[in-house]
Amino acid sequence: MNPVRTRRSALTQLAAGAAVASTAAALAERLAAADAAAQVKINHSACKWCYSKIPLDDLCAAGKQFGLQSVELLDPPDFATVKKHGLHCAMVSFPQKDGIGRIEKAFNRLEHHDTLVEIYTERIKQCADAGFKQLICFSGNRAGLDDETGLKNCATGLKRILPLAEKHGITLVMELLNSRVNHKDYQCDKSAWGVALCQAIGSERFKLLYDIYHMQIMEGDVIATIKARHQYFAHYHTGGVPGRNEIDDTQELNYPAIMRAIQATGYKGYVGQEFIPKREDKIASLKQGVQICTV
Amino acid sequence: MKTSRRSALQTAAFAGVSVITASKVRAAEGGDFYVARNGRINQSFVTWNFRPLTIPELAKLAVKFGVKSIELVGPEHWPMLKELGLKCALAGSHGFAKGFAQPDQHAECLKVLEQRIEQCAAQGVPSVITFSGFRKGLTVDDATKNTIAGLKKIAPIAEKHKVTVALEMLNSKVNVEMKGHPDYFCDDMDLSIRILQAVGSPYVKVLFDIYHVQIMHGDVITRLRQYKDFIAHYHTAGNPGRNEIDATQEINYPPIMRAIAETKYAGFVGQEFIPVREHVKSINEAVKLCDV
């Protein structure tokens with residue numbers, strides 16, 4: 001007999017050994033419900049691009065074994081693959097045309113808006129058809145543009161497509177990226193600027209992607225920022241600092257504590273693993289990432 | 001199989017004990033506590049944050065836990081430390097509310113520092129703390145110029161006595177007493193380094209408080225590597241809260257300590273967190289986390 005008597009095994013024995021089977025089952029159900037309510041689980045997602053050498057089909061199959069619920073930053077041709085595995089796409093990738101829509105060239109320039117409206121209109125409809133709820137977008141690089149004008153321009157452009165997003169219940173999510181290491185000159189590089197943009201837009205269908213890796217590089221104070229600004233954060237990404245590799249004890253952030261802080265905000269969305277595995281067995285690194293974030 | 005940080009540390013600690021006889025004996029004598037044994041990070045205790053433990057009590061704990069220094073204590077405590085075989089890694093001086101950003105405070109700070117540097121030199125204390133003080137409406141440019149001018153006055157004295165003056169960067173963001181200092185001028189590590197470069201003395205450096213840096217900037221390991229030549233001293237604490245430095249908070253201390261050791265840092269790391277749990281146990285856990 002197992003020396004550790006779990007609640008379930010105790011209840012099972014009780015149910016088997018007495019004529020109170022239905023009562024015990026009901027009790028077990030109530031206890032399970034109470035456990036679930038006490039602990040809002042982090043929903044696990046992984047960014048496809050970090051596993052570029054692994055076929056998406058294999059990534060989905062492997063991920064499901066250890067609790068992965070979503071593979072994200074997908075373009076529409078990949079939607080069917082994740083669906084086949086019963087997985088979600090927590091964040092749909094950006095559309096692009098002639099380079100517009102990409103990280104460097106997006107909503108902070110008025111001259112990009114006509115193209116952005118065109119390509120986001122199509123992508124929003126694709127998201128709605130697939131049943132995916134969040135779509136990523138970017139500010140673009142500053143290229144000499146001051147932060148105030150950049151913010152105003154982003155608001156102007158985004159407001160043109162938000163009515164359609166609202167109609168379909170799709171949230172446009174602008175990613176906060178670091179401009180110190182990976183994306184020099186990117187404008188949406190501070191959470192305060194992103195929050196000001198959310199406030200200028202004033203729609204529940206426009207929020208921010210708080211990338212923990214990028215924001216640790218730009219501003220630190222991760223938990224306090226999440227606590228103060230979580231109402232503007234629709235999604236989270238991970239990555240080890242420095243290096244953007246595994247999120248374990250080789251880097252400076254205590255991810256379990258950060259996940260508990262996210263949980264404490266009542267967050268019901270997904271956390272997307274977006275580190276570049278350094279070790280040979282990339283799937284094992286992803287599994288470790290999911291486990292570290294299971295709190 | 002997932003190995004938790006705690007169990008990994010316990011395993012590491014156990015392996016360490018089995019090869020180092022002295023540690024083994026001390027651990028066996030005193031029961032269940034961790035003795036620093038790796039020698040890669042020299043640890044020290046700051047004292048104000050561990051109240052109600054007294055300075056002599058902390059000194060005894062330092063000896064027991066293999067920690068080599070008690071810091072930010074005045075010269076009146078140094079003989080007691082010496083008797084216990086401890087150092088004072090960093091001497092206290094004027095408080096953080098006054099400093100070199102304000103020209104009318106230069107004379108007072110210089111007087112305190114000059115006397116303290118002489119005492120440090122006489123008793124083998126390697127460094128002394130200093131602060132910028134508050135900005136009080138000054139422009140960043142003016143406050144920067146004032147701080148450079150003030151530190152340039154103390155630099156020759158520090159050089160003469162070979163005692164390092166450590167300018168502390170503090171966070172100006174958290175408006176809770178002793179957890180942050182709104183309006184403190186020297187709240188930016190990059191600016192602190194520019195000030196030190198302008199002063200240009202090998203005996204005027206910065207105090208890299210990991211807690212304050214995390215609140216103001218993040219990117220801790222990158223910064224400490226980048227600025228290793230300007231760092232006189234380190235402090236610890238958990239964020240948010242300035243409490244225990246364990247897995248309850250966002251800063252992962254063991255990899256940061258490994259990164260510090262890799263910079264060939266020969267100074268001390270002062271534990272400066274405010275325990276919310278049982279003090280002695282939390283202090284011992286912190287010693288273990290930083291003994292990489």
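**Group meeting talk: two chains in a predicted model**

I would like to begin with a caution, which is that pLDDT stays under 50 over residues 1-21 of chain A, and that for this stretch the model has 11 contacts beyond four places in sequence. Everything I show today comes from a predicted model, and I will keep that in view as we go through the two chains.

With that said, chain A as a whole averages a pLDDT of 91, and 87% of its residues score at least 70. Its secondary structure comes to 11 helices and 7 strands, and of the 295 residues in the chain, 46% are buried. If we take the contacts in chain A with a separation of 6 or more, 72% of them are between residues 24 or more positions apart.

Let me turn to the strands of chain A, and to β5(A) in particular, which covers residues 206-211 and is mostly covered, with 6 of its 6 residues buried. Which strands pair with β5(A)? One partner is β4(A), residues 171-175, which pairs with β5(A) in the parallel sense over 4 bridges, and here A:V173 stands opposite A:K207. The other is β6(A), residues 233-237, which is also parallel to β5(A) and is joined to it by 4 bridges; in this pairing A:Y210 of β5(A) stands opposite A:Y236. The path from β4(A) to β5(A) includes helix α7(A), residues 191-201, and the three elements make a right-handed β-α-β unit.

Still in chain A, I would like you to look at helix α3(A), residues 56-65, where A:L59, A:C60 and A:G63 are buried. Why do these three residues fall on the same side of the helix? They cover an arc of only 100° around the axis, and that puts them on the same side of α3(A). As a reminder, an α-helix has 3.6 residues a turn, so residues three or four places apart point the same way. On the other side of α3(A) we find A:D58 and A:Q65, which are exposed. The buried residues, for their part, pack against β1 (43-47), β2 (70-72), α4 (79-84) and α11 (282-292) of chain A. After the helix comes A:G67, which has a positive phi, near 95°.

Now to chain B, where helix α7(B), residues 189-199, can be read in a similar manner. Its buried residues include B:M189, B:S192, B:I195, B:L196 and B:V199, and because they cover an arc of only 115° around the axis, they lie on the same side of α7(B). Among the elements that cover these buried residues are α6 (140-161), β4, β5 (204-209), α8 and α9 of chain B. Just after the helix, B:G200 takes a positive phi of about 70°.

The strand I would single out in chain B is β6(B), residues 231-236, which is mostly covered, with 6 of its 6 residues buried. It pairs with β5(B) in the parallel sense over 4 bridges, and B:L207 has B:H233 as its bridge partner in β6(B). The strand β6(B) also pairs in the parallel sense with β7(B), residues 268-271, over 3 bridges, where the bridge partner of B:T236 is B:Q271. With helix α10(B), the strands β6(B) and β7(B) make a right-handed β-α-β unit.

One residue in a loop of chain B deserves a moment, namely B:K173, which is placed between β4 (164-168) and α7 (189-199) of that chain. Is B:K173 buried, exposed or partly exposed? It has 17 other C-beta atoms within 10 Å, and is therefore partly exposed, given that 20 or more would make a residue buried and 12 or fewer would make it exposed. Leaving aside residues up to four places away in sequence, B:K173 touches B:G180, B:I215 and B:M216. For the last of these, the C-alpha to C-alpha distance is 7.2 Å, although B:K173 and B:M216 are 43 residues apart in sequence.

I will finish with the two chains together, where 22 residues of chain B are in contact with 21 residues of chain A. On the chain B side, the elements that give two or more residues are α8 (210-216), α9 (220-226) and α10 (253-262). The residues of that side divide into 10 nonpolar, 8 polar and 4 charged.

Terms used. Residues are numbered from 1 along each chain as its sequence is written. Chains are lettered from A and ligands numbered from 1 in the order in which they are written. This is a predicted model: local features need pLDDT of at least 70, side-chain atom pairs count only at pLDDT 80 or more; totals for chains, interfaces and linings use all residues. The arc is that of the directions from the helix axis to the C-beta atoms. Two residues are in contact if their C-beta atoms, placed from the backbone, lie within 7 Å. Ala, Val, Leu, Ile, Met, Phe, Trp, Tyr, Cys and Pro count as nonpolar, Asp, Glu, Lys and Arg as charged, and the others, Gly among them, as polar. pLDDT is the predictor's confidence in each residue, from 0 to 100. Two strands pair if DSSP finds at least two bridges between them. A crossover is right-handed if, with the strands pointing away from the viewer, the path from the first strand over the helix to the second runs clockwise.
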